[in-house]
Structure formats: structure tokens, C-alpha cells
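Colleague: Hey, I'm new to this one. Could you walk me through it?

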Amino acid sequence: MPAKPLKILQVAPEIAPYAKVGGLADVVGALTREFSEAGHDVRSMVPRYGFLQQDDTWEARDEPLAVHLGGGKTEFARVWRMPYRDSPGGVYWLEYDRYFHRHEIYTGPWGSHADNHERFAFLSRAAIDYCHQEQWYPDVIHCHDWTTGFVPVYLNSTEFGTPVAHAATVFTIHNLQHQGLFGRETLDFAGLPQSLFRPDCLESVGLVNMMKAGLYNSTKLTTVSQTYAHEIQQPELGCGLNHVLKFRAADLIGVVNGIDVKEWNPATDKLIPATFTADDLSGKAVCKAELQKAFGLEEAPGVPIFSAVARLFDQKGLDLLAGIVPWLMDSMNIQIVLLGAGDPGLENAFRDLAAKYPGRVGAFIGYNHKLSHLVEAGSDCFVMPSRFEPCGLNQMYSMAYGTLPIVRSTGGLVDTVEQYVEKRGTGTGFRFEHATGEALYYTMGWACSTYYDRPDEFRKLQHNAMTRDLSWKASAAVYGDVYRWAVEARLRGLGIQTGQSLSRAPFKVAG
Ligand code: ADP
């Protein structure tokens, strides 16, 4: 953690648990909590979506927020502060109904919202106008994925020379696959000059690329694991931006996510029927029985359950699992549980498999938070055959609950799951290299034989997994270093001498 308290503005499209699509929401929430509890002034600005429930902890400023867009246009929004869970940090909900009063964050029933470029340019612009209006000048603005890519561009162009432009920007890549590509009229809407439409700023393939905007213009870049930081500099996983990331490699840091150990703790979890610890797994057996009941499986305490919880999209590789279920059912005495939603073809494939193998395969198609806790708690192994995985959270939840992850060696799965070494009993799970059904099949077979033939080693791996420190503490400390490093670099870039210590910076670092 930095020695001096910082003013930190996070700008993000999601924050857990209120507005969440994926792991990005968990990161934004965890940083809000960790940094505010450590004494920093943390404000996290997120759009106020239509599905959010306002309560009496919300407070709005009487004066509306003037958001200055292109063509001299000003729109009026409202910012509601809400304390973030039980921490001193705050969520600042940006209310602007035309763009955000919707039931989905990015996509509606007909695909991506057609005005996403306007919606998220608006979020970026509003975050900066908020600082101007409040005269609250952050030391660091932490942006998350393409939706916030214009924030550092504003600081380097239209805002340059204003107090808010002293802020260092840290831009975190959660998933490089989604980049936010739009027509160049987006710049006119946002009030950014067309002169920025260049390959060394925010143009790519003749379009405005909001992810690239963030990558080129931020002081420092992070992504959510060290392995993914390396992978995205290669053509295979660089999604066309590998050359940009190579160019900025010295400023790109991989910081693996932690998990919320208050929520995901088998010793205290209120969403599961019985709690348990690394030294006493008796409660896990109760959870297993409950899980078998919930998914209509045979109540067989001695049969290992292999589960998966995921968005059913190509990235997660669960088509590989669906493809080998008949083979698994023929050759192994195991049960399979799937909780997920997404691609309708894959949803149907799992529905069909559950119908074909009653009592042995169970599928719940949909999103169900409570059930995800039961799946983690009651299973023996957790399957993540991801084609790519920037960090991944489920493998860490699984480890915390003594459910051994079976993962493809990619991204954060490499950094967080330690490979099992037979006879030594070291490791926390099972890894495989190739994204094929065959590789997955043999690795599940390896886990299955460990369960039946080497139960002491299986138990040892569970203990290893459950006693790992998966909390945010270590990662938050690295983000603290990155923030400080970014502040120094930004001020140096502006010609402001900071010396060795931020305390000598010529502007007030802390409130
Ligand atoms: P991603 O962010 O790519 O979706 P992660 O593993 O990082 O993948 O995070 C996924 C998060 O979403 C986890 O908290 C996981 O438990 C949750 N999740 C995904 N699908 C479901 C579902 N169908 N029901 C409940 N929780 C889900």
C-alpha cells in the first residue's frame, strides 16, 4: 500500500454484487473495499442501471452534473452516492436514464445496445466532469476495459492543463476480446478532436477502438494475471492489439485477482446447508447430498461430482465437456453438474445430456448465485477447459471450498492452480495443455483415478487448496505499488519533480 493516502476514482461499467456480468465487477468492488479500508479516498463511478434497487443509503447532490459533450452540447445527469457494503468507500451511481435505465448492461435481447459508443463515452466524460464540478482531483483514475477507454484520452487532450489532468491513469484489461469498435463520429459525440483518429492513438482498422484508446493513453496498464499479460502480447491471444501491448510492455503489469474471502468462505457461508473447514470436511458431505438432490442426481456419497459454473460461451470451452459426456458416462463412475447460461445451442446440449443420463448428469440453465455456492461446496472437482482465461474466479472459489479445479493451462489458470504431482501430494488441481475434448477427458480421468485410487492424496490436495491465501491482500498491495508508480510517472511526464517520495509532490496528494 502507498505510504500516503490517495484519492482514487474508479470508472467502471460494473460493480459486484449490484451490477455484475463477470469478474470485472468483483475486481472493482474488491478494490473499492480494500483501498478505502486502508484509508484511501475511493470513489467508484458506475452507471445507474434500470435494475438497481435504490434504498435510503443513497444520497444525491441537489445540483445536477453537467456533462459536456461534443458540439457544445451539455446534458444533465445526477450522481448518487451509496456506501459500498460495509466499507468507507463509495459507489457513485451515474444516473442518466436515456442511456442507462435498461435491464442489461451491454446487450439487450437483440444484441449489443446500438448506442453503446454514446453510453460509455458519456460515462467517461461524466467521470471527468464530476471531478471538475466537485473540485475533487484524484491522484489516480483507474479505468476498466473498453467502456472507460476515453478517460485517459480526455486527460491527454481536451483536459490537458486542467487540475484533473494531473491524475495518473491505470487501465485494467479484464478481457481483450471486447474492444468497443465504433465509427469515427463517436469522437464528435464525445467532444474529442478528429486529429486523434490515428493508429498511434485510438484508430484501428478504420474505426475508433475504445480499448486501444485506453492502451495507448493510460499511464500504466494492468491485466488480471501475469500469464495473460504475456499471452496478449502474442498474435494468438492479442486480438489484433498484440503489437500495441508489446509496445507498452514495460508499463504492463499482471496482477492476479483475489477473491472476496468474506463471501466465499466455507466456514461461514450462509448460502450453503452446512459449513466446513480444511480440517473437517464433514459439512462438505452434507452439501454434496444437497447438491445431488438439487440437480436430481442419485444420492451417492462415494461418487465424485465434476461441476462447471460459467457463462456458456466459446471462451469457456464447455462445448468440449458437452462433447465428451457420453464417453465419460461409459467409462467412469462420476456425476456431472452444470450451472450456466449463454449460447442457446450449448444450453440445449446440456439439457439433452441431463435428459439422456438421468441421475448422473444435472443441468440448471440460468444464472443463480445461491446455487453457485452450493455447486462449489458440494462438488469434488470443478471443470474449466477455457480457451483463454484472463484470470478466472471460479477456480479460486473451488479451491477455497476444497473442490479441485481441472483447468486448461491458460492465463490466470496457470498462475493460480498448482499442478498435482503424484506421490508427492503437492499441488491444488489438475492442468492440461490442449483445448481438446481428448485432453479434457484424460485429465478428468486422472482426477477420477486420484479420487478412487489415491484418496489420501486427493484429501491432501483439498487441504493444500483450502489453505492457500486467495484473498485480495497480496494483489491489493501490488495495485498500491502500481498506483504509486503511475502517479510518479504521470507527474514526471508533466515535468513535475516528485523526488523519491510522493510527499514532496507540489500538489496535495491526500485529502
Ligand atoms: P468471467 O468473468 O469470464 O465470466 P470468472 O470466472 O472470472 O469468469 O467469473 C465468473 C463469475 O460469474 C463467477 O463469480 C461465477 O460464479 C459467476 N457465474 C457465472 N455464471 C453463473 C451462473 N450461471 N450462475 C451463477 N453464477 C455464475
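Modeller: Sure, one term to start with: buried area is the accessible area, found with a 1.4 Å probe, that two parts lose on being put together, summed over both. Also, keep in mind that this is a predicted model.

Colleague: Okay, so how is the chain divided?

Modeller: Into two pieces: domain 1 covers 7-258 + 472-503, and domain 2 covers 282-466. Their C-alpha centres lie 34 Å apart.

Colleague: And how many residues does each domain put into the contact?

Modeller: Domain 1 gives 17 residues and domain 2 gives 15 residues.

Colleague: What's the area buried between domain 1 and domain 2?

Modeller: About 1200 Å², with carbon and sulfur atoms giving 59% of that.

Colleague: Which three residues supply the most of what domain 1 buries?

Modeller: Thr227, Tyr228 and Asn257 do, with 27% of the area that domain 1 buries against domain 2.

Colleague: Switching topic: how many salt bridges and polar contacts go across?

Modeller: The rule finds 0 salt bridges across the interface of domain 1 and domain 2. For polar contact, though, there are 6 residue pairs, both partners being at pLDDT 80 or more.

Colleague: Which elements on domain 1 give two or more residues to the side touching domain 2?

Modeller: Those are helix H1 (23-37) and helix H7 (226-231). H7 gives the most, with 4 residues.

Colleague: How does that side of domain 1 split by class?

Modeller: The side of domain 1 that touches domain 2 has 9 polar, 5 nonpolar and 3 charged residues.

Note on methods: Residues numbered from 1 in each chain as written. Predicted model: local features only at pLDDT ≥ 70, side-chain atom pairs only at ≥ 80, totals over all residues. Heavy atoms only, no water. Domains from an automatic or database assignment. Contact = heavy atoms within 4.5 Å. Salt bridge = Lys/Arg side-chain N within 4 Å of Asp/Glu carboxyl O. Polar contact = N/O pair within 3.5 Å; in protein donor to acceptor, adjacent residues only side chain to side chain. Nonpolar A, V, L, I, M, F, W, Y, C, P; charged D, E, K, R; others polar.
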